[in-house]
Structure formats: structure tokens, C-alpha cells
Amino acid sequence: MSGDTDYTRPLLLGYILKHLLMTDGELADLKDQLEEFAKAEGFAMGTIYVDETDTTPAAFQALIEAVNRYEVTTVVLPSRLHFDALAVTHDVRNTFERATGTRVVIASDTP
């Protein structure tokens, strides 16, 4: 039963703000980076929410709903900029962590 191992690891959700990227290839590379981070850190990679330029912050709002629905304890970003670019007036990461009780980790911060 190879699928059982995914259910024994904690669920990790991801978030990417697409307009920070240049190409679809870069988006695919970032998704791979987040999946590798999940594997290396012992998580089961769940949905990676991607906000498109014309729909921001729809994916961010969906991420919050999923965190609350599935009681996720950790969310991964490719870099802090993916939250910072959402708002210039406040610290989205700290607000998100306080509101959801979820820890936000940065994939690029780990070797």
C-alpha cells in the first residue's frame, strides 16, 4: 500500500504569487522546489495555490480556507516576497500566522 505513507505525514500547502515570475517554466520550477522541500522536511505536499495577476487574492483566500478546513499547521512559500507583495501596508506573513495558527516557512531558507 504505497499510498498510505502520504497520509502518515503532515499535510503541507504551498502558495505562489505568479506575477513575481517571468515564465511558466519558472512557475513549474518553483512548484518542483516546493515539492522537494516537502519531501525533504517530511511533509505530504498538498495543493500549491497560485495567484494569477488578474485574480489576486483569490488563491490566497482559498489557501486560508484550506488551512482552516484541513487544520494544516505549515504553509511553504518560495520566498517571503510571495506574501510581502500582497500588501505594502502590513506584514501579511505575521497576520496570516496569527489568524490561522499556521507556521509559514520559506523553501529557499533551507539548504
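## Backbone outliers

E71 is found in the loop between α3 and β3. In this predicted model, E71 has a positive phi of about 55°, although the residue is not a glycine. E71 is exposed, because its relative accessible area is 68% and the cut-off for exposed is over 50%. The loop that holds E71 follows helix α3, residues 58-70, and leads to strand β3, residues 74-77.

A second backbone feature involves T56 and P57. The peptide bond joining T56 and P57 is cis. Its omega is about 10°. P57 is placed in the loop between β2 (44-51) and α3. As background, most residues other than glycine have a negative phi, and most peptide bonds are trans.

## Packing of α3 and α5

Two packed helices are described by the angle between their axes and the distance between the axes. Helix α3 (residues 58-70) packs with helix α5 (residues 92-100) at an angle of about 30°. The axes lie 11 Å apart. Angles under 35 degrees count as roughly parallel, so α3 and α5 are roughly parallel to each other. The crossing of α3 past α5 is right-handed.

The contact draws on named residues from both helices. From α3 come F60, L63, I64, V67 and N68. From α5 come V92, F96 and T100. The residues of this contact divide into 6 nonpolar and 2 polar, with no charged residue.

## R93 in α5

R93 also lies in helix α5. R93 is buried, because its relative accessible area is 18% and buried means under 20%.

Which residues does R93 touch, not counting those up to four places away in sequence? They are R80, F83, V104, V105 and I106.

## I48 in β2

I48 is found in strand β2. At 15% relative accessibility, I48 counts as buried. Beyond four places in sequence, I48 touches G14, Y15, I16, K31, L34 and E35.

I48 can also be placed relative to T100, one of the α5 residues that meet α3. I48 and T100 are 52 residues apart along the chain. Their C-alpha atoms are separated by 17 Å.

## E35 in α2

E35, a contact of I48, is placed in helix α2 (residues 24-41). Is E35 buried, exposed or partly exposed? E35 is partly exposed, with a relative accessible area of 40%.

E35 touches M45 and I48, not counting residues up to four places away in sequence. Both contacts fall within the residue range of β2, 44-51. For E35 and D54, the separation is 19 residues in sequence and 25 Å in space, C-alpha to C-alpha.

## Confidence

The protein chain averages a pLDDT of 90. Of the residues, 92% score at least 70. Where is confidence lowest, and where highest? Helix α1 (residues 4-8) is lowest, at a mean of 60. Strand β3 (residues 74-77) is highest, at 97.

Residues 1-5 need care. Over residues 1-5, pLDDT stays under 50. The model has 0 contacts beyond four places in sequence for residues 1-5. Where pLDDT is low, the predicted coordinates should not be read in detail.

Definitions and conventions. Residues numbered from 1 in each chain as written. Predicted model: local features only at pLDDT ≥ 70, side-chain atom pairs only at ≥ 80, totals over all residues. Heavy atoms only, no water. Axes fitted to C-alpha atoms, helices over the stretch in contact; angles between N-to-C directions. Helix = DSSP H or I, 4+ residues; strand = E, 2+ residues; numbered from the N terminus. Parallel < 35°, antiparallel > 145°, perpendicular 65-115°, else oblique. Left-handed = near helix turned anticlockwise from the far one by under 90°. Contact = heavy atoms within 4.5 Å. Nonpolar A, V, L, I, M, F, W, Y, C, P; charged D, E, K, R; others polar. pLDDT = per-residue confidence, 0-100. Buried < 20%, exposed > 50% of the residue type's maximum accessible area, 1.4 Å probe, protein only.
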